[in-house]
Amino acid sequence: MNPVVIIGSGLAGYTVAREFRKLDKETPLCIVSADDGCFYSKPMLSNALAGGKSAAALAMQSATQMAQQLNADVRAHTRVTAIDTASRTITLNGETLAYSSLVLALGADPIRSTLTGDAADQVIAVNDLQDYARFRAALEGARRVTIIGAGLIGCEFANDLAAAGYAVSVVHPGEYPLTQLLPQEAGQALSASLAGIGVQWHYGSKAVSVERAASGYRVTLSDNTVLETDVVLSAIGLRPRVELARAAGLAVNRGIVTDNYLRTSAADVYALGDCAEVAGMVLPFVLPIMQAARALAKTLAGTPTVVTYPAMPVVIKTPACPVVVSPPPRSVSCVWNAEATSDGVRALAYDADRKLQGFALTGKATTEKAALLPLLPAWL
């Protein structure tokens with residue numbers, strides 16, 4: 001019997017494997033990992049520093065341990081170079097491997113800024129455990145860190161670094177952080193709280209160049225501001241990994257296109273996680289991945305199951321200003337109604353019929369999450 005093959009050993013890949021093994025103990029299972037195949041919590045990367053966590057400490061289980069736990073063939077440091085959906089095979093490290101079902105859990109790559117300067121190649125992006133190890137090494141002896149981007153990851157790193165005692169500057173083209181997730185009032189509350197622990201904001205500008213200096217680097221911004229720094233961290237977003245799927249002839253848009261069953265355009269090939277565009281949505285967050293993994297495991301075990309997405313709040317790990325947001329669907333036009341009190345910001349998103357479609361809460365107002373969540377419509 002040909003194995004179920006999962007390409008990717010991140011949260012999506014390993015969660016599918018775990019859920020599948022709960023339902024099917026015997027079908028051969030192969031997990032292909034381009035890195036060392038250890039299991040770790042990727043969301044921990046952006047708040048591990050203040051807690052003194054090294055890269056090694058974040059690794060929960062090795063590839064060998066995962067193979068034993070899942071009764072699986074885990075192939076570490078192995079890169080898939082081609083998928084042939086007609087012959088139902090993949091090519092990896094020069095070998096051809098047949099599959100019964102193929103799961104693409106490829107993840108996403110950091111978007112690289114178009115920086116100039118003789119130190120542009122020294123800018124670090126943290127997207128996996130190995131990246132985090134390099135980042136920790138770069139911080140040795142450093143005092144100043146410049147972060148490019150104030151999205152979710154940029155804000156979490158800013159909080160973590162400031163709490164660990166670093167002088168942090170954040171460069172962001174918007175007027176406040178998390179502009180794609182939060183209304184202005186909530187974003188400004190987060191900005192003020194992070195400024196309160198020492199984060200220096202540079203809004204309305206972009207990093208243009210990074211050059212070597214006598215001590216560290218010089219980052220020049222589009223408004224001609226020059227920042228002296230020891231480490232430059234890029235956190236301007238992620239782009240789904242679709243190249244392997246595109247080369248195999250699969251339908252690709254923003255991500256690898258799937259239907260509600262997580263089926264791609266090829267028979268018995270599925271996709272989930274950061275690489276996937278499920279029913280038109282790219283949701284690189286933990287809760288959607290867990291929902292998708294459970295549904296796909298049932299499908300792989302012989303019971304075709306659609307994925308359902310209830311409203312799923314995103315918790316921003318910024319202890320200086322706790323934030324939880326359940327963004328309204330992109331397809332629905334909404335107006336935010338926000339009020340700021342001593343407990344924080346309570347912002348509610350209403351559609352044209354005055355139906356609640358989303359919320360954003362900061363500070364002590366985050367305790368209202370449980371009461372608001374049942375009022376929201378499902379995403380899918």
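How many residues lie between strand 20 and strand 21 in their hairpin? The two strands form a hairpin with 6 residues between them. Here, strands (E, at least two residues) are DSSP runs, numbered from the N terminus.

A word on the basis: this is a predicted model, in which local features need pLDDT of at least 70 and side-chain atom pairs count only at pLDDT 80 or more, while totals for chains, interfaces and linings use all residues. Residues are numbered from 1 along each chain as its sequence is written, and side-chain values use heavy atoms, with hydrogens and water left out.

**Strand 21 and its partners**

Two strands pair if DSSP finds at least two bridges between them. Strand 21 (residues 323–326) has these pairings:

| Partner of strand 21 | Sense | Bridges | Facing residues |
|---|---|---|---|
| Strand 20 (residues 314–316) | antiparallel | 3 bridges | Ile316 opposite Val323 |
| Strand 24 (residues 356–362) | antiparallel | 4 bridges | Ala360 opposite Val325 |

In a regular strand the side chains alternate between the two faces of the sheet. On strand 21, Val323 and Val325 are on one side, Val324 and Ser326 are on the other, and all are buried (under 20% relative accessible area; over 50% is exposed, in between is partly exposed; 1.4 Å probe, protein chains only).

**Cysteines**

Counting a disulfide as a pair of cysteine sulfur atoms within 2.5 Å, the model has 0 disulfides. For Cys155, the nearest cysteine sulfur is that of Cys321, 9.8 Å away. Cys155 is buried, at 0% relative accessibility. Cys275 is also in no disulfide, and the nearest cysteine sulfur, that of Cys30, is 17 Å away. Cys275 is buried, with a relative accessible area of 0%.
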